[in-house]
Amino acid sequence: MVPIEPPPSRWALPEPSFDADELEVVGLGADLAPGTLLAAYRKGLFPMRLEAGGPVAWWSPDPRGIIPLDGLRVSRSLRRSCRRYRTTVDQAFGAVMQGCADPSRPHGWIDDEFVTAYTELHHLGWAHSIEVWDERHHDDGAQDGPDLVGGLYGVAIGGVFAAESKFHRATDASKVALVALVELLLDGGAALLDVQWTTDHLATLGAIDVSRAEYNERLAAALRLPMPPILADRSR
């Protein structure tokens with residue numbers, strides 16, 4: 001079952017300029033309705049508030065951070081962590097979003113409005129989560145079930161996955177989620193993994209900067225591809 005296309009946005013979202021000197025924020029306002037979010041991602045925009053309680057800002061960084069799907073760097077220790085944890089897809093989207101929205105995290109920006117908006121987008125088949133579980137037994141030998149120790153969520157449209165946020169409660173758990181995501185995208189024929197900005201942390205995993213113009217070229221090509229089957233199948 002393919003994702004459900006929502007009603008179109010009632011807002012006219014800005015077209016990002018290719019001028020490298022332009023600010024990263026290209027618009028303010030509008031809403032977080034599913035149609036608005038999808039229209040934004042298709043233009044290479046993503047939403048984030050400038051400050052808590054402020055209006056939604058629409059961002060188009062230049063340069064833009066991406067992780068080439070054939071360029072992910074997985075260290076030996078990270079490979080060990082990948083064997084230690086179990087990963088799933090779309091089994092606990094709400095819990096992953098709540099983990100990412102934890103107000104105790106530094107620079108937390110995901111508020112209830114964002115949680116509601118992306119959860120609705122998830123129900124329509126566009127927003128997805130990767131969950132990371134620790135199934136090891138506790139010290140007393142008891143096993144109460146696996147613990148959710150990390151994950152990430154983002155938006156998939158065609159052959160692009162726009163990663164929004166990730167979290168971890170155990171060593172390497174968010175990195176394990178990223179490894180699982182890249183493997184899923186490669187297996188499904190995707191072409192573009194957007195990470196918004198290339199932080200020092202993401203650079204160690206293979207993230208690179210591309211210009212706004214190059215990003216939008218890559219985006220246009222990726223949008224013409226089919227969504228990876230495991231993400232397009234809403235019967236799970």
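**Exercise 1. Find out which residues His128 touches beyond its close sequence neighbours, and where His128 sits.**

Step 1: Skip the neighbours within four places in sequence, and His128 is in contact with Asp90, Phe93, His122, Leu152, Tyr153, Gly154, Ala156, Phe161, Met227 and Leu231. Keep in mind that this is a predicted model.

Step 2: Now pick Asp90 from that list. Its side chain makes a polar contact with the side chain of His128, at 2.7 Å.

Step 3: Place the residue: His128 belongs to strand β6, which covers residues 127–134.

Step 4: Is His128 buried or exposed? The cut-off for buried is under 20% relative accessible area. His128 has 3%, so it counts as buried.

**Exercise 2. Do a similar job for Gln196.**

Step 1: Look up the strand: Gln196 is in β9, residues 192–196.

Step 2: Check the accessibility. Gln196 has a relative accessible area of 5%, so it's buried.

Step 3: List the contacts. Leaving out residues up to four places away in sequence, Gln196 touches Phe46, Met48, Pro61, Pro63, Arg64, Gly65, Ala163 and Glu164.

Step 4: Take Pro63. It's 133 residues from Gln196 along the chain, yet their C-alpha atoms are 8.9 Å apart.

**Exercise 3. Describe the lining of the largest pocket.**

Step 1: Start with the space, about 670 Å³.

Step 2: The lining has 28 residues, and Arg105, Glu164, Ser165, Lys166 and Leu202 lie nearest the centre.

Step 3: Which element gives the most to the lining? That's β8, with 6 residues. Elements supplying at least two residues include β7, α5 and β9.

Step 4: Sort by class: 15 nonpolar, 8 polar and 5 charged residues.

Terms used
Residues are numbered from 1 along each chain as its sequence is written. This is a predicted model: local features need pLDDT of at least 70, side-chain atom pairs count only at pLDDT 80 or more; totals for chains, interfaces and linings use all residues. Side-chain values use heavy atoms; hydrogens and water are left out. Helices (H or I, at least four residues) and strands (E, at least two) are DSSP runs, numbered from the N terminus. Buried means under 20% relative accessible area, exposed over 50%, partly exposed in between (1.4 Å probe, protein chains only). A polar contact is a pair of N or O atoms within 3.5 Å; within protein, one must be able to donate a hydrogen and the other to accept it, and residues adjacent in sequence count only if both atoms are side-chain atoms. Contact means heavy atoms within 4.5 Å. On a 1 Å grid over the protein atoms alone, a cavity is a set of points where a 1.4 Å probe fits but cannot get out, and a pocket is an open set with protein on both sides within 12 Å along at least five of seven lines; lining residues have an atom within 4 Å of a point. Grid points are joined across faces, edges and corners, and a volume is the space filled by probe spheres set on the points. Ala, Val, Leu, Ile, Met, Phe, Trp, Tyr, Cys and Pro count as nonpolar, Asp, Glu, Lys and Arg as charged, and the others, Gly among them, as polar.
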